[in-house]
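I opened the model to look up how its chains meet. My entries follow the structure.

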Amino acid sequence: MAELRGSFGDQPHHILTSEFGTTDLHKLSVYESKGGYTALRKALLDMAPADITNEVKTSGLRGRGGAGFATGTKWSFINRDAPGPKYVVVNADESEPGTAKDRYIMENCPHMVVEGILIAAYAVGANQAWVYIRGEYDEPHRMLTEAIAEARAKGYIGPRPFGKDFPLDIRLYRGHGAYICGEETALLESLEGKRAQPRSRPPFPAVKGAWGRPTLLNNVETLATVPAIINMGGAEYAKLGTAKNPGTRLLTVSGNVRKPGVYEVEIGKTFRHVIMELAGGPPEGRKVKVFWPGGSSAPVLPESMLDMTTDAEALAAAKSMGGSGGVIVMDDSHCIVKAAHRLLQFYAHESCGKCTPCRIGQDWAVRTYERILAGEGSQVELDTLQRVSDGLQNGRCLCGLGDSGGWVIDSTLRHFREEYEDHALRHTCNVGKVAVSA
Amino acid sequence: MPDVNLTIDGHRITVPAGTLVVEAAKTVGIEIPVFCYHHKLDPVGACRLCLVEMSPGPPRPQTACTTPVSEGMVVRTQTAMAVQGRADILEFELANHPLDCPVCDKGGECPLQDFTFRHGYPTSRIDGPRLHFKKPIPLSDKIALDRERCVLCYRCTRYYDEIAWEQELTTDERGVQSFIASQFDQPLKSIFSGNIIDLCPVGALTSRVWRFESRPWDMTHTESVCSRCSVGCSVTLWQRRGQLVRVTSHENDDIDEGWICDRGRFDYTDVNDPSRLRTPSINGSRSTWADAIYAVAAGIRGKGAKLGVSLPQDITNEEAFLFRKLLDGPLKGAKVKMHGRTAIPAPKDELMKIKEIDDARVIIVVASDLEDDVPIVDLRVKKAVSKRGAKLIVVYPDGVDFDRHPGTLHIRNAPGKAAEEVRKLASHEWLKNPGGPVGILFGDGHGSEDIADLAAACGELAEKVGGQRMALYRATNERGALASGVAGWDKLDGVEALFSWGPPPTAGVPKSAKFVAAWDHLPRDGYDKAVVLPATTFAERQGSYTNLEGTVQFLRPPIHVAPPLKEGWEVLCELGAALGVALDYEGILPIQRAIGIQPPAPELAPEPVLVGPARP
Amino acid sequence: MKLSTHVLEEIKELPAKYPQPRSAVMPALDLAQEELGYLTPETMTEVAEALHLDPGYVEGVATFYTLFHLEPIGKHRFYVCTNLSCMIRGAYEIVDHVKRQIGVERSDQVSADGLFSFEEVECLGACEYAPMMRLDHRYHYDLTAEKIDQLIAERRAPVPSPRRGEGQGEGLKRSPTPLTPTLSPKGEREKKPRAPRKKKSDG
């Protein structure tokens, strides 16, 4: 396997990654020698399901997939006592541009994910969990398959885990190439063997989810954090990070930085710390121009805002978001208009086509960018971009993919108006040499 | 559940709980435009056109078609946020939509046109190349698809999946590249395919049979009854210049719920056939009515059992009543064969009504492939199973379309053994505590079953489990003919004279017949040596049919009977006179009174609802 | 090419493994594609029949997901990420190099020897190793022209060792020339010249 790029080894804020780098950590015996599966044992044998959920609530853990919803609260939406099967579905579809953290966890420590899934399943009364993993993740799929087999052989997955009369099972389901499957209800549609188009909500998955049953959907990193929370206790976990956004999270730093990697960071540190210190900043002779704080779907922030802290509240106040924690850094040798064009191409390609504004709007924006970049732009094109951006936001679209396209246009226009006008009105680009789009 | 009070644009209304906001708005005449929403399909909130502002709620517009009403809700459709939201969506829909209105059959009854006019921006900001597809694509020989016009509301594919349980129509690709396609470009085969034409809110799915025939405002129409099978769906018949130009559904929730099958929708072109017979003829030469009727009378009088009478499947109740009088009098003893009837005898007691299928908890279908025999009842059963949780048992030798549902219990009986299987069902666990009515639908297996035994077995089962039976007659007016006693079953071989009311017998004119008379609308082989009276079609004649559940429904023809054509009942009265029987009815109403049926007073057409499938 | 008996049997056993049978369609298509290289209408119909589904349903699912290929893709497909992080680290130069070295212009073409094709893909979730790509069910990181050349050379003169994802099934047809799609044509953007913009002075 390739060298680890990111956090590993024992440090006070390495809640998830402290053992990463240990040889064969993906094997159950090694994982257990480092304290693995003590949380599962504790949860099954020493805690009531409601207590487990409460512990997660106390920890202040928020979903690490993108939406940042309070995890403990989400768990409490499932009515554990309702008759009939319930499911835990793990969103391992990680496809947000700039995000590699779930892959990092699954490749380095798949058992941590397995343990977290089993604890969650017991807490919400689900006997079966399905891991929906994107089709391109061959290696993580292989590692999870082996980890699950090991856990099954040990009896942790099976009819009586640790002797507890609560059958637990985990199955894998591979996606086949669709970013939209990262959206909860689209994922459920795909799991049911259909074209992955999001559903109208209500009903919410907690009431009617996978195959019509109550379902808990959580991201890989969110569930991987659960064993640590059970082991150290929710209150202890909440001491890290900020008051409203406790804990640590894995930030993927990529793009024009010297040391790209998946870094575990205490929430509340600044982006300057993350980008310039941890990731080494931009290459020699270049400056940071813009960064996406949470995947390509997070509204961009300019260099002047590097001292923004990484917690959800601060980002929301700056009209951005923490999202998936995928920090993409672009330096001053690249053109913002070309970057925005490429991202809109991404959204247009991944749009499922169900709702009108996203289906038409993303593509319309791409065509408008093409005109601008071909030197055929004018004020009309700039107005069109703004119009499309408005049409994609504010509840027009069925799901967040639509809004994301709108935010790319909106935030780049807002912070880099002059660059847009250079292209559209003056038919020139004042940035250094840039890759030509195919 | 108690009714809910809410306010829409200042109107305070009370509606049943569970009503969607878009339907609630209709009750006070407020139009919230929709594409993907259809009142017979599950709502999806895909097109985003029905955005309105709701409180309590987030500070964003929401879709009215997916939100049920809640107590005290306040809905505003005319705020800047909602108005701009809808105009934006319409502008998006039009971004790739071709400027086809002048050549598009939907023009004039097109929700996209109407909504853009009422809810869209007055001018277009769209500039630049549009997305193009090859067009038109023949989906079948009856339906054309235009992918450029398609607004991807998915009504057609959802209808196919939800209502018809078929997926031969599919959406391919993703995002803006999505398009509707038939599976692997093969022609659509389903008998239910035509409904997508009515469903499509734009001119993407159009009828090839009606292609370029007329603009909606050039047609007049009537609400009538389909004459192709015993279900008797309500249809709208459209005429232009004396021609029947198209047939669409006229929603009747008691029977068809807005769906018609392809037979009813497309099999009408013979009405406009230029070779239609218009004048009587004797041995190929034009004659007067008087001469022709006397010739017929002379040919069939006093023949007893040497006379064969062939009756069509869609003989009206009035004609059947008059035939009874003839067969009791001057034509006594004649052999009578009715087209297309089943072996099922006249019912002795009340049978189940079609709408009662909705409430059945268990449905048992015996000796019939519903999709073939009574298509729209097939859809009703599918709705009961997939949307209302009914359980389904099929007793039939071959595969049927219900097999697509994993929960269907299909007992493949050996032909002739259906009654035995039905008797075994009495002890089936599903029927121990059905939790509601049980519906037993039985056919005659196209002659492979002993119908008396089967009917009895079904009756016993119905009594045991608290069920009702529905006998699946096939011929359009089989029940009416049975009631009048003219639903004959006799073989016509060896007759010397044949009087054919309607098309010739399916087995052909018997070789022994020396005299042939017919009341028919198209020329056939051999009519140059027969006495032929020109007939009306269902698009011109007045009368009534009794459908399989026993409901009498009245034809309302859109086309006048133009002389020299005469109404069928009139011809029979004159024939009676020529045969020496006094059938002195001056009009159709006296006949109906004599039978004991009376058409209801026509409803004043309600204010047209401005959304939904093509409506007048 | 028809599916082999054992793959068909595997497919028929799939529905029982899921709470509802339709969920089997994605893994079933995957098995079929692994055996035959790509999915033709005939193959999709076979899969549909094995699962008691309408072929139209399977077609709709197969055309939605980018990992299902409905045209020949050769033996080795370069899935090169060109999304933002990779793009600003030279992904497009890598794509150009791949195209030159394998001798194709578009992603619906296969190289003359039938071995290679390429596709620009979206973020593969390995941004810390940008520019990167997926080839033969493995990720390849920190791409350079040299690395590409090496990977191509290895596959042009293969060492006989079993590798996942490589040519299962004997007698697999390789298409040396680009084929037209077997399904209905996708939407195309017409390149029309734009009408000259009206100046305000034109009234």
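Which residue of chain C forms a salt bridge with A:Arg5, and how far apart are the closest N and O atoms? I found C:Asp142 as the partner of A:Arg5, with the closest N and O atoms 2.5 Å apart. I note that this is a predicted model.

Entry, polar terms between chain C and chain A. I counted five salt bridges between the two chains. For polar contact I got 33 residue pairs, with both residues at pLDDT 80 or more. On the chain C side, I listed the elements that supply at least two residues each, among them helix H2 (25-36), helix H6 (91-102) and strand S2 (116-121). H4(C) gives the most to this side, with five residues. By class, I split the chain C side into 23 nonpolar, 10 polar and 14 charged residues.

Entry, extent of the same contact. I looked up the residue totals: 47 from chain C and 73 from chain A. The buried area came out at about 4700 Å², and carbon and sulfur atoms give 54% of that area. In chain C, I found that C:Phe64, C:Ile88 and C:Glu128 lose the most area to chain A, together 15% of what that side buries.

Entry, a helix pair between chain A and chain B. I took helix H15 (residues 379-392) of chain A and helix H2 (residues 80-95) of chain B; their axes come within 10 Å and cross at roughly 115°. I recorded the crossing of H15(A) and H2(B) as left-handed. A:Arg387, A:Val388 and A:Gly391 meet B:Asp88, B:Glu91 and B:Phe92 there. I classed this contact as two nonpolar, one polar and three charged residues.

Conventions: Residues numbered from 1 in each chain as written. Chains lettered and ligands numbered in written order. Predicted model: local features only at pLDDT ≥ 70, side-chain atom pairs only at ≥ 80, totals over all residues. Heavy atoms only, no water. Axes fitted to C-alpha atoms, helices over the stretch in contact; angles between N-to-C directions. Helix = DSSP H or I, 4+ residues; strand = E, 2+ residues; numbered from the N terminus. Left-handed = near helix turned anticlockwise from the far one by under 90°. Contact = heavy atoms within 4.5 Å. Nonpolar A, V, L, I, M, F, W, Y, C, P; charged D, E, K, R; others polar. Buried area = accessible area lost by both parts, 1.4 Å probe. Salt bridge = Lys/Arg side-chain N within 4 Å of Asp/Glu carboxyl O. Polar contact = N/O pair within 3.5 Å; in protein donor to acceptor, adjacent residues only side chain to side chain.
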